[in-house]
Amino acid sequence: MTRLMRSIDPRRRPQDDLYAHVNGSWLDQHDLPAGVHIDGAFRELWNLADNRIQSLIDDDGPDGPLNTLYESINQRVPVDELEPTLALEPDLALVGGLRTPADLATALARLHRVGIHGPFDLAIAYCREQAIYLPKVKISEQWRSADPPSDARAAAANAVLIKLSSTPSTHSVSMTPSRLDVDFPGFAWTTWLRELGVSTDAVPTVVVADQEAIARMVQFMRVLPLRSLEEWVRWRVTSARADHFGLAFGSQSARCVVERFAGPELASRYSKRFTSPSSVSFVVDMFERIRDAFARLIDDSEWCSPSGRRAAIAKLRSVTLWTGTHHSGNSVDLDVRREDPVGNVRRGFESLWNIEVARIGQAFHRGLDANRIYSANGFYDHESRELVIPPGLMNPPFFDLALPDAYNYGAIGVIIGHELAHCLDLVEWGAAAPAEWSTGDEDEFRSRVRCLINQCVAGVPTLTDEEPVLDLAGVLNEVLCDHIGVRIALDALAALRGATDLRHLFFAAWVWTMRAKCDDTEAADRIVRDPHPPADVRCSWVLRNSDAFHDAFGVRRGDRMWIPLDERFVLWGR
C-alpha cells in the first residue's frame with residue numbers, strides 16, 4: 001500500500017485521468033532497467049517467479065537432474081558458431097536432401113518431435129463436444145513472428161511467410177484426417193501425422209484451426225522450390241536451438257526448458273514452498289462471490305429473455321476454478337548428460353511429445369502446461385471451461401492478505417472477473433450461441449456491443465496500406481471482458497462489505513496493478529501483436545463507461561473521464 005501511495009501524482013485529477021493520477025509519480029520517476037523493453041506490476045511478478053524457480057533448481061544440488069539439465073543448456077555459444085557445430089548434425093540431417101513433398105513432411109514432423117516447429121503445429125487439445133483430447137492442426141506461432149536473416153528472407157520469396165499475419169480463425173472445425181488432403185492439397189498430411197505418432201486409422205478426427213492461414217501456407221509451399229524451403233527450415237533449426245541454449249535470453253531460456261520438461265515436479269515444489277492454504281482459500285471464496293455477482297447481473301438483464309438468462313447462467317455455473325495447488329501430469333523421464341546439451345533437449349522434447357500423443361482419446365484431466373503455475377496472469381480455457389488463477393499471481397502487488405478486501409478485489413479480483421467474463425465473450429457468442437437465446441436476445445446483444453465497437457473504431461487511428469493491421473476483434477473481446485470483470489468484482493465487493501467508500505481503493509488498486517512503462521519499439525510491437533490495449537487506454541476505456549467510477553469520484557460534464565450516461569457501454573444488467 002505504501003508503494004501505491006508513493007506512486008500517486010496529486011497534480012493530475014482522477015476525474016481527468018485516474019491512471020495518470022494513481023501512477024503518475026511512478027511513470028515519471030521509473031527508468032526501464034537495461035535490456036528491458038516493458039516494466040510494471042506483471043513483470044514484477046514474473047521476476048519473482050523466475051527467482052523462485054531458479055532457487056528450486058539450485059536446491060536440486062550440483063549433481064541433481066534439474067540442475068544438471070539447466071547447466072548443460074545454459075552455455076554461451078556464439079550464434080555464428082552454432083550451426084556448424086557437430087551438436088546440431090542430428091537436427092540438420094533431417095532437413096538435407098529434400099526431394100519430394102513427403103520428404104518435407106517427414107522432416108517437419110521429426111523436427112516437431114524434438115522441439116523445432118515448422119509452419120504447422122500439432123497440439124493435443126481437449127474437444128468439449130466429444131469430451132476427449134484430439135489432435136489439433138494450426139499455424140505455428142513461431143512461423144507467424146519469425147524474422148530470418150536476409151538471405152533466408154529472399155529465399156522465402158520476398159518474405160511471404162513473414163507477412164502471413166491473418167488472424168487465427170475464431171472457430172475450429174473437425175474433420176477426418178483424409179479430408180486434410182482434400183481441403184488443403186499439396187502437403188503430405190498423412191505422412192506428417194504418421195511421423196508425429198498419430199495413426200490416421202486409429203484417430204478418426206482431427207481439429208483444424210486457422211483454416212485460411214493454413215490454406216495460404218500450403219498454397220505458398222506448393223509454388224516455392226523445395227531448396228528454398230530447405231534453407232528456411234535449416235534457419236529454424238538454428239534459431240530454435242539458439243533460444244533453447246540461452247543465446248537470446250540467457251539463463252531465462254535455460255529455465256524455460258527445465259520448466260517444460262519438469263513442470264509437474266517444479267509445480268509440486270513451488271506449491272509447497274511458496275503457496276499458503278489461506279491465500280488459496282481466500283481466492284476460491286473470491287471466485288465464488290464474483291461468479292455469484294455475475295449471475296445476479298445476468299438475471300437482472302431484462303433485455304434478455306428468461307430462457308436466455310437461464311442458459312447464460314448455466315454456462316457461467318459450469319466454469320471451474322483451478323489454483324494450481326492440486327495438479328497431475330507427467331514430468332519427462334530426464335536422461336540428462338552434462339556433456340550433451342543438444343541431446344538433452346532433443347530427448348526431453350521427444351519424451352514430452354510421447355506423453356502428449358498418449359492423451360489422444362482420453363477424457364479431460366488436469367494436466368500442467370509449462371510454467372503456468374508460476375504465471376503472473378490468469379487464464380480461461382474455452383474448451384474445458386476452466387479458469388486458472390495460478391499461485392504465481394497470488395503475490396503482491398496483485399494479492400496480499402494483509403491488505404483490505406477492497407484492494408484485493410480491485411487487483412486479483414478484477415483478473416478473476418475478466419477471465420470469468422470470457423465464458424460469455426464474443427468467441428462464445430460466435431462459436432455457438434445457446435439454443436435457448438431468442439432472435440431478440442441476439443439482436444439486442446449486437447446492439448449493445450455496437451456501442452463498444454463504435455468506441456473502439458473511434459479510438460483507432462486510420463491506417464495506411466504500409467502499416468500493420470490491428471486485431472480489432474481481439475481488442476474488442478478483451479475490452480468487453482475488462483468492462484464486465486471490473487463491474488462484477490466491484491459488485492462482489494459491495495455485496496461482501498456493503499460500503500460505497502471502498503470504491504476509491506478498489507479502482508486505485510486496479511489501475512496500480514495495470515501500470516506499465518515501455519519503450520517505443522515495444523509499444524509499436526504490442527499494438528500489432530497484443531489484443532489488450534495499452535494500459536492507460538485500457539483503464540480509461542473501462543472507467544469512462546463505469547457508473548460506479550463516475551459516482552465515486554464525482555465525475556462531471558467537462559471532466560476528461562466524462563461520458564454521458566446514455567452513451568456508456570452496458571451489456572449485462574441495466
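This report walks through the sheets, a few unusual backbone spots, the cysteines and one pocket of a predicted model.

**The four-stranded sheet**

Let's start with the open sheet of four strands, which runs in the order S2-S3-S5-S4 and has mixed pairing. S2 and strand S4 (173–175) sit at its edges, and each of these pairs on one side only. Going from one strand to the next, the twist averages 35 degrees.

The table below lists how the strands of this sheet pair up, with one facing residue pair for each.

| Strands | Sense | Bridges | Facing residues |
|---|---|---|---|
| S2 (120–127) and S3 (132–139) | antiparallel | eight bridges | Ala 125 and Leu 134 |
| S3 and S5 (206–208) | parallel | two bridges | Val 137 and Val 208 |
| S4 and S5 | antiparallel | three bridges | Met 175 and Val 206 |

S2 and S3 make a hairpin with four residues between the strands. Have a look at Ala 131 there, in the loop between S2 and S3. Its phi is positive, near 60 degrees, and Ala 131 is a residue other than glycine. As for solvent, Ala 131 has a relative accessible area of 36%, so it counts as partly exposed.

**The three-stranded sheet**

Further along the chain there is another open sheet, this one built from three strands in the order S6-S8-S7, again with mixed pairing. Strand S6 (320–322) and strand S7 (379–381) take the edges; each has a single partner strand, so one side of each has no neighbour in the sheet. On average, and ignoring direction, neighbouring strands here are turned by 25 degrees against each other.

S7 and strand S8 (residues 386–388) run antiparallel and are joined by three bridges. If you want a pair to click on, Tyr 380 has Leu 387 in S8 as its bridge partner. The loop between S7 and S8 holds Arg 385. Like Ala 131, which has a positive phi without being a glycine, Arg 385 is not a glycine and has a positive phi, of about 55 degrees.

Past S8 comes another backbone spot to check. Pro 396 and Pro 397 are joined by a cis peptide bond, with omega at about 10 degrees. Pro 397 belongs to the loop between S8 and helix H18 (405–410).

**Cysteines**

How many disulfides does the model have? The count is zero. Two cysteines can still be placed by how much of them is accessible. Cys 127 has 6% relative accessibility, so it is buried. Cys 451, at a relative accessible area of 23%, is partly exposed, because the cut-off for buried is under 20%.

**The second largest pocket**

Now for the second largest pocket, which holds about 410 Å³ of space. It is lined by 24 residues, and the closest to its centre are Arg 487, Asp 491, Ser 546, Asp 547 and Ala 548. Helix H22 (472–497), helix H23 (503–513) and helix H26 (547–553) are the elements that give two or more residues to the lining.

Which element gives the most to the lining of this pocket? That is H22, with eight residues. By residue type, the lining divides into 15 nonpolar, four polar and five charged residues. Two residues from the group closest to the centre, Arg 487 and Asp 491, make a handy starting point for finding the pocket on screen.

Note on methods: Residues numbered from 1 in each chain as written. Predicted model: local features only at pLDDT ≥ 70, side-chain atom pairs only at ≥ 80, totals over all residues. Heavy atoms only, no water. Pairing = 2+ DSSP bridges. Axes fitted to C-alpha atoms, helices over the stretch in contact; angles between N-to-C directions. 1 Å grid on protein atoms, 1.4 Å probe; cavity = no way out; pocket = protein on both sides within 12 Å on 5 of 7 lines; lining within 4 Å. Points joined across faces, edges and corners; volume = space filled by probe spheres on them. Nonpolar A, V, L, I, M, F, W, Y, C, P; charged D, E, K, R; others polar. Disulfide = S-S within 2.5 Å. Buried < 20%, exposed > 50% of the residue type's maximum accessible area, 1.4 Å probe, protein only.
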